[in-house]
Amino acid sequence: MIREMKRIDLAQIVMIEKASFQDGCYSKEQLLYEYEENPFAKILVMDIDEEIVGFLIYMETFNSATVVQIATRPFNRHRGVATKLINEMIERLMKKGYGVIESVTLEVRENNQIAHQFYLKNGFKDVVVKKKYYENGDNAIYMMRVLL
């Protein structure tokens with residue numbers, strides 16, 4: 001089941017975050033800020049029998065949305081969880097009405113070929129490479145999926 005995050009989900013989301021990212025890992029406080037205070041942020045979770053198996057954070061601003069973070073439990077990778085989360089986000093954005101949200105963007109590390117291929121498979125296209133985008137100097141591929 002995919003639903004909006006509840007505060008009780010925070011501990012499980014933090015655990016997934018730490019297991020998924022070494023660089024750029026959100027802290028519990030940052031995740032809590034996105035959940036409680038950021039008016040643009042939306043957090044979707046997928047749960048199976050009350051266990052969070054994946055989450056997606058995205059922001060809606062004006063006529064676009066941005067995928068901020070997506071992660072799944074290591075055991076649940078390559079089982080369609082992330083694709084289902086992306087599809088749910090797109091469905092929710094499309095329900096806002098034709099033309100309200102025109103596109104979804106994201107950045108992915110240029111050297112993260114698995115994630116890059118995942119986004120290509122889910123309808124995102126490469127737009128530009130952002131040189132030295134990340135703190136450690138890694139490049140980012142800026143990607144976009146047009147919804148119109």
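How many of the eight residues of strand β2 (residues 41–48) are buried? Six of them are, which makes β2 a mostly covered strand. Buried means under 20% relative accessible area, exposed means over 50%, and partly exposed lies in between, with a 1.4 Å probe and protein chains only. Strands are DSSP runs of E with at least two residues, helices are runs of H or I with at least four residues, and both are numbered from the N terminus.

The model is predicted: local features need pLDDT of at least 70, side-chain atom pairs count only at pLDDT 80 or more, and totals for chains, interfaces and linings use all residues. Residues are numbered from 1 along each chain as its sequence is written, and side-chain values use heavy atoms, with hydrogens and water left out.

## The chain as a whole

The protein chain contains four helices and seven strands. Read from the N terminus, the order of elements is β-α-α-β-β-β-α-β-α-β-β. The radius of gyration is 15 Å, close to the 15 Å that the globule rule gives for 148 residues, so the chain is as compact as a globular protein of that length. That radius is taken over C-alpha atoms, and the globule rule is 2.2 Å times the number of residues to the power 0.38.

Along its principal axes, the C-alpha trace spans about 40 × 40 × 30 Å. Of the 148 residues, 43% count as buried. A contact means heavy atoms within 4.5 Å. Among contacts with a separation of 6 or more, 58% come from residues 24 or more positions apart.

The accessible surface of the chain is about 8700 Å², and carbon and sulfur atoms account for 52% of that area. Accessible areas come from the Shrake-Rupley method with a 1.4 Å probe; for residues, only the protein chains shown count as cover.

## How the strands pair

Two strands pair if DSSP finds at least two bridges between them. The table follows the pairing from β1 (residues 2–4) to β5 (residues 103–109).

| Strands | Bridges | Direction | One bridge pair |
|---|---|---|---|
| β1 and β2 | three bridges | antiparallel | Arg-3 and Val-45 |
| β2 and β3 | eight bridges | antiparallel | Lys-42 and Tyr-58 |
| β3 and β4 | eight bridges | antiparallel | Met-59 and Thr-66 |
| β4 and β5 | three bridges | parallel | Ala-65 and Val-104 |

Strand β4 (64–72) is mostly covered, with seven of its nine residues buried.

## Two hairpins and their turns

Strands β2 and β3 (residues 51–61) form a hairpin with two residues between them. Asp-49, in this turn, has a positive phi of about 55 degrees. Glu-50 lies in the loop between β2 and β3 and has a positive phi of about 70 degrees, although it is not a glycine. Most residues other than glycine have a negative phi. Glu-50 counts as exposed because its relative accessibility is 73%.

A hairpin with two residues between its strands is also formed by β3 and β4. Phe-62 sits in the loop between them. Its phi is positive, at about 50 degrees, and Phe-62 is not a glycine. Is Phe-62 buried or exposed? Phe-62 counts as exposed, because its relative accessibility is 83%.

## Two residues of β2

Ile-43 belongs to strand β2. With a relative accessible area of 8%, Ile-43 is buried. Leaving aside neighbours within four places in sequence, Ile-43 is in contact with residues including Arg-3, Glu-4, Met-5, Leu-31, Tyr-35 and Ile-57. Met-59 is 16 residues away from Ile-43 in sequence, and their C-alpha atoms are 8.7 Å apart.

Val-45 is also found in strand β2. Why does Val-45 count as buried? The reason is its relative accessibility of 0%. Not counting residues up to four places away in sequence, Val-45 touches residues that include Met-1, Ile-2, Asp-9, Ile-13, Ile-52, Phe-55 and Leu-85. Leu-56 is 11 residues from Val-45 in sequence and 6.5 Å from it in space, C-alpha to C-alpha. Val-45 also links back to the table, as the bridge partner of Arg-3.
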